[in-house]
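Me: I would like to learn how to read a ligand site, a pocket and an annotated membrane span in a structure file. Could you take me through them in turn?

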Amino acid sequence: MSGADMAKPLLGHGSMEGDPSVTPAAGRTIGVLGSGDFARSLAIRLVCSGFKVVVGSRNPKRKAGLFPSAAEVTFQAEAVKKTDIIFVAVFREHYSTLCHLADVLVGKILVDVSNNTEINHHKESNAEYLASLFPACTVVKGFNVVSAWMLQSGARDGNKQVLICSNNQEAKRTVAEIAQVMGFTPVDMGCMSSACEIENIPLRLLPAWKIPIFLALGLFLCFFTYNLIRQVIHPYVREQKNKLYKIPIEVVNTTLPCVAYVMLSLVYLPGVLAACLQLYYGTKYRRFPDWLDQWLQHRKQIGLLSFFCAALHAVYSFCLPMRRSHRYQLIEAAVKQAVEKKMNIWVEEEVWRMEIYLSVGIIALGLLSLLAITSLPSIANSLNWREFSFVQSTLGFVALVISTLHTLTYGWSRAFDENQYKFYLPPTYTLTLLVPCTVILAKVIFSLPCIQHRLLRIRRGWEKGRYVKFVLPSATGEYSSGETSSNV
Ligand code: NAP
């Protein structure tokens with residue numbers, strides 16, 4: 001393989017940014033067919049990026065005023081004659097009305113920017129349909145994930161990608177070059193068969209969030225039901241006391257931290273499972289099961305949802321003293337104290353427990369906020385790999401440990417109090433401790449020198465039972481090489 005070939009990515013789905021073979025294209029003439037919202041925004045952005053623009057409209061006189069003066073607005077046939085690259089900013093349903101241009105379009109590059117109204121709306125993608133109507137043209141799919149508004153306002157961090165695909169490498173490179181000059185990041189999605197997938201992307205609703213949201217909702221429902229039984233149904237069944245008023249604030253507020261805490265531990269659990277599998281297999285080159293792969297990919301969203309629940313818990317906790325029920329309970333306690341002529345109700349242990357409980361809770365929320373902020377693309381991009389992994393991995397684990405302290409100081413000795421077992425159900429906090437404590441214990445075990453060393457070797461490419469070449473310095477200081485089993 002030549003040096004130049006080695007520089008090219010092996011996988012098709014790679015960013016085309018910074019490709020040395022891509023040269024600046026500003027000054028080139030670009031054609032746009034259509035004069036709607038997208039065409040207008042595209043023309044403005046192309047003009048701002050230094051391109052000459054010629055717009056092809058069915059009614060150029062009427063539409064000319066909508067475009068910047070630097071753009072030429074003319075009839076469709078006139079426009080396509082003046083350029084080799086034409087953006088087709090027309091809906092799929094109207095492609096057939098462009099067939100009269102077939103002769104003047106021969107040999108030209110058509111960029112299909114269209115979207116559908118439904119996922120997999122048509123059998124073939126819009127780009128493939130356009131290619132079938134104009135077989136003498138080269139069709140490139142691209143720019144459909146960019147909105148007209150985004151084109152006008154400029155490419156923003158985190159939303160800069162323009163997905164491109166085509167069967168013609170040269171045409172794809174030319175369109176990528178234009179996207180790059182416009183300030184976007186072209187991403188090579190391979191050949192034309194990817195067009196369908198690209199056209200479906202703008203129609204998908206938060207695809208990466210589905211599993212984490214269902215997970216959070218599932219956990220919320222489980223913990224909510226559990227807390228409802230303990231805090232509302234139990235007093236009603238045992239003492240005929242109506243505690244329904246607790247549902248909107250108290251039950252929700254005891255549920256949210258459970259979800260936040262368990263979700264945070266679920267961010268680190270797949271890493272622990274992956275390490276266990278690597279230790280068991282004795283290699284890092286064996287694929288993880290699909291469910292674990294999926295789980296690893298959703299850690300960011302799970303972490304953000306954990307932060308969301310923790311933030312809600314903080315707000316709910318602030319509101320607790322504002323409730324009428326709280327005021328009545330305070331007055332009731334004061335009256336009871338006066339009747340019983342108790343002068344000192346100060347319990348030193350309780351005071352300390354509460355101080356520590358609140359303090360570690362605030363620190364845990366602060367760390368979670370830091371994790372959430374650094375997971376934003378614009379912030380993450382400004383960190384190097386070491387800084388990012390320090391925040392997300394090390395500080396994230398510290399956040400989990402501090403959240404565990406927060407939970408333990410909340411529960412204190414309740415787990416050993418018989419009265420806390422409502423319907424024989426243990427206090428909720430004891431259940432939430434299960435997964436996080438497992439993760440913390442596993443991390444402690446992995447940090448033992450013998451295991452940590454083995455794991456590090458595996459992650460650097462060492463494999464169990466494989467013979468590797470080694471190089472040893474000899475007594476004379478020269479190096480000698482040989483073969484040995486890396487297992488030894
Ligand atoms: P639009 O405002 O309705 O404009 C469509 C244009 O198509 C019309 O202005 C018209 O221009 C032209 N056209 C050509 N032949 C036509 C015919 N037979 N009947 C009707 N119009 C015809 O739509 P748009 O929002 O600009 O969208 C254009 C394309 O861009 C669509 O494929 C859309 O999926 C895609 N897109 C749009 C956005 C967005 O944010 N708007 C984002 C991504 C992709 P003339 O009258 O001058 O010929």
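Reply: What follows takes the ligand first, then a pocket, then the annotated spans, bearing in mind that this is a predicted model.

Me: Which residues are the closest to the ligand, and how many surround it?

Reply: One begins with the shell of neighbours, counted here as residues with a heavy atom within 4 Å. In this structure 20 residues surround the ligand, and the closest are Ser-35, Phe-38, Ser-57, Arg-58 and Asn-115. Sorted by class, that shell holds 10 polar, 7 nonpolar and 3 charged residues.

Me: Which atoms of the protein lie at a polar distance from the ligand's oxygen and nitrogen atoms?

Reply: Here one looks for pairs of N or O atoms within 3.5 Å. A polar side-chain atom of Ser-35 is 2.4 Å from a ligand oxygen, while a polar backbone atom of Gly-36 lies 3.0 Å from an oxygen atom of the ligand. For Thr-97, an N or O atom of the side chain is 3.4 Å from a nitrogen atom of the ligand. As for cover, the ligand has 880 Å² of accessible area on its own, and the protein covers 81% of that.

Me: What lines the second largest pocket, and which helix gives the most to the lining?

Reply: A pocket is read through its volume and its lining, and this one holds about 1200 Å³ of space. It is lined by 34 residues, of which Tyr-268, Arg-299, Gln-392, Ser-393 and Lys-443 are the closest to its centre. Helix α11 (247-281) is one of those that supply at least two lining residues, and α11 gives the most, with 8. By class, the lining has 19 nonpolar, 10 polar and 5 charged residues.

Me: Where does the record place transmembrane regions, and how helical are residues 302-323 and 429-451?

Reply: An annotation is best set beside the modelled chain. The unreviewed UniProt entry gives "transmembrane region" for several spans, including 302-323 and 429-451. Residues 302-323 are 82% helix and 0% strand, with end C-alpha atoms 32 Å apart; residues 429-451 are 87% helix and 0% strand, with end C-alpha atoms 31 Å apart.

Definitions and conventions. Residues are numbered from 1 along each chain as its sequence is written. This is a predicted model: local features need pLDDT of at least 70, side-chain atom pairs count only at pLDDT 80 or more; totals for chains, interfaces and linings use all residues. Side-chain values use heavy atoms; hydrogens and water are left out. On a 1 Å grid over the protein atoms alone, a cavity is a set of points where a 1.4 Å probe fits but cannot get out, and a pocket is an open set with protein on both sides within 12 Å along at least five of seven lines; lining residues have an atom within 4 Å of a point. Grid points are joined across faces, edges and corners, and a volume is the space filled by probe spheres set on the points. Helices (H or I, at least four residues) and strands (E, at least two) are DSSP runs, numbered from the N terminus. Ala, Val, Leu, Ile, Met, Phe, Trp, Tyr, Cys and Pro count as nonpolar, Asp, Glu, Lys and Arg as charged, and the others, Gly among them, as polar. A polar contact is a pair of N or O atoms within 3.5 Å; within protein, one must be able to donate a hydrogen and the other to accept it, and residues adjacent in sequence count only if both atoms are side-chain atoms. Accessible areas come from the Shrake-Rupley method with a 1.4 Å probe; for residues, only the protein chains shown count as cover. UniProt positions are given in the numbering used here, feature names are shortened, and annotations may be inferred rather than shown by experiment.
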